Amino acid sequence: MGSSLNEKLNPVPKERRQRIFTEADRLHAEYMTLQDIRKAKMLTQVQLVESLNIRQATVAQTEKRSNMLLSTLRNYIEAMGGQLLLTVEFPDRPHVVLKGLSDIEQFSTG
């Protein structure tokens, strides 16, 4: 039977173990699902249902989707008090923030 993570880390010096856990926490925070974000904000699906005026089943489905409209994602993030920013990264250039793609006003006819 394999060893647990704690068993593997026991011989590692305390300072190094702390750096490992700090980096793991940082990486985990960088890559969160919508459900992880909602839970980190200490929000329930019911609270989002009330804010978004949709059914709880729709919130649950949204949290599981890997493909959705930017407007859906933006609405979900804003209902949690956040702001959706889209960035483009190239290996040889600094990242670029895209503007206007998720703005509904840009597409209105008026």
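Contact here means that heavy atoms lie within 4.5 Å. The model is predicted, and the chain averages a pLDDT of 85, with 90% of the residues scoring at least 70.

By that criterion, and leaving aside neighbours within four places in sequence, Leu 84 is in contact with Leu 70, Leu 73, Arg 74 and Ile 77. Leu 84, Leu 73 and Ile 77 also belong to the largest nonpolar core, which has 11 residues in all. The other members are Leu 34, Leu 43, Leu 48, Val 49, Val 59, Met 68, Tyr 76 and Met 80. Two elements, α4 (45-52) and α6 (70-79), give two or more residues to this core. Of the elements, α6 gives the most, with three residues. In soluble globular proteins, nonpolar side chains tend to be buried together.

The packing of α4 and α6 can be described next. Two packed helices are described by the angle between their axes and the distance between the axes. For α4 and α6 the angle is about 115 degrees, and the axes are 10 Å apart. Angles from 65 to 115 degrees count as roughly perpendicular, so α4 is roughly perpendicular to α6. The crossing of the two helices is right-handed. On the α4 side the contact is made by Leu 48, Ser 51 and Leu 52, and on the α6 side by Asn 75, Tyr 76 and Ala 79. Of these residues, Leu 48 and Tyr 76 are also listed in the nonpolar core.

Tyr 76 leads on to another helix. Thr 62, located in helix α5 (residues 56-64), touches Tyr 76 as well as Leu 34, Met 68 and Thr 72, not counting residues up to four places away in sequence. Among these partners, Leu 34, Met 68 and Tyr 76 are core members. The relative accessible area of Thr 62 is 5%, and buried means under 20%, so Thr 62 is buried.

Tyr 31 presents the opposite case. This residue sits in the loop between α2 (14-30) and α3 (34-40). Its relative accessibility is 63%, and the limit for exposed is over 50%, so Tyr 31 counts as exposed. Gln 18 is 13 residues away from Tyr 31 along the chain, and the C-alpha atoms of the two are separated by 20 Å.

One stretch calls for caution. Over residues 104-110 pLDDT stays under 50, and the model has five contacts for this stretch beyond four places in sequence. Where pLDDT is low, the predicted coordinates should not be read in detail.

Technical notes
Residues numbered from 1 in each chain as written. Predicted model: local features only at pLDDT ≥ 70, side-chain atom pairs only at ≥ 80, totals over all residues. Heavy atoms only, no water. Core = buried A, V, L, I, M, F, W, Y, C linked by side-chain atoms within 4.5 Å. Buried < 20%, exposed > 50% of the residue type's maximum accessible area, 1.4 Å probe, protein only. Helix = DSSP H or I, 4+ residues; strand = E, 2+ residues; numbered from the N terminus. pLDDT = per-residue confidence, 0-100. Axes fitted to C-alpha atoms, helices over the stretch in contact; angles between N-to-C directions. Parallel < 35°, antiparallel > 145°, perpendicular 65-115°, else oblique. Left-handed = near helix turned anticlockwise from the far one by under 90°.
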